[in-house]
Amino acid sequence: MISQDEIRTTILVAITERGVGKTVCPSEIARQIAGSDEKVWRLMMTPIRAVAVALADAGEVRILRKGRAVNPHDFKGIYRLALPDEG
């Protein structure tokens with residue numbers, strides 16, 4: 001089983017590499033961790049979401065839906081991850 005620290009690191013590296021103004025889909029993170037087998041990587045989506053919410057609470061990532069930042073504790077559906085706003 002993958003640890004929350006490993007998920008956290010994978011998310012932070014991915015959004016940093018993508019850069020300011022760009023986003024990362026959580027499924028990209030899942031595939032990076034679990035490989036390309038959809039049955040395997042889909043199991044990672046819930047733990048990734050939990051870590052993303054914790055990172056958003058800490059100000060380390062932004063959770064976006066339809067290009068807009070959302071409340072990390074009150075969003076549904078497809079979302080993307082980005083670096084926090086500067087300043």
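Student: How much area does the chain expose, and what share do carbon and sulfur atoms supply?
Tutor: This is a predicted model, where local features need pLDDT of at least 70, side-chain atom pairs count only at pLDDT 80 or more, and totals for chains, interfaces and linings use all residues. Residues are numbered from 1 along each chain as its sequence is written, and side-chain values use heavy atoms, leaving out hydrogens and water. Areas come from the Shrake-Rupley method with a 1.4 Å probe, and for residues only the protein chains shown count as cover. The chain exposes about 5,600 Å², and the carbon and sulfur share is 50%.

Student: What percentage of the 87 residues count as buried?
Tutor: Buried means under 20% relative accessible area, exposed over 50%, partly exposed in between (1.4 Å probe, protein chains only). Of the 87 residues, the buried part is 33%.

Student: Is Val-20 buried or exposed?
Tutor: Val-20 sits in the loop between α1 (4-18) and β1 (23-24). Helices (H or I, at least four residues) and strands (E, at least two) are DSSP runs, numbered from the N terminus. Val-20 has a relative accessible area of 58%, so Val-20 is exposed.

Student: How far apart are the C-alpha atoms of Val-20 and Thr-10?
Tutor: Along the chain, Val-20 and Thr-10 are 10 residues apart. In space, their C-alpha atoms are separated by 17 Å.

Student: In what order do the elements run from the N terminus?
Tutor: The chain has four helices and four strands. From the N terminus, the order is α-β-α-α-α-β-β-β.
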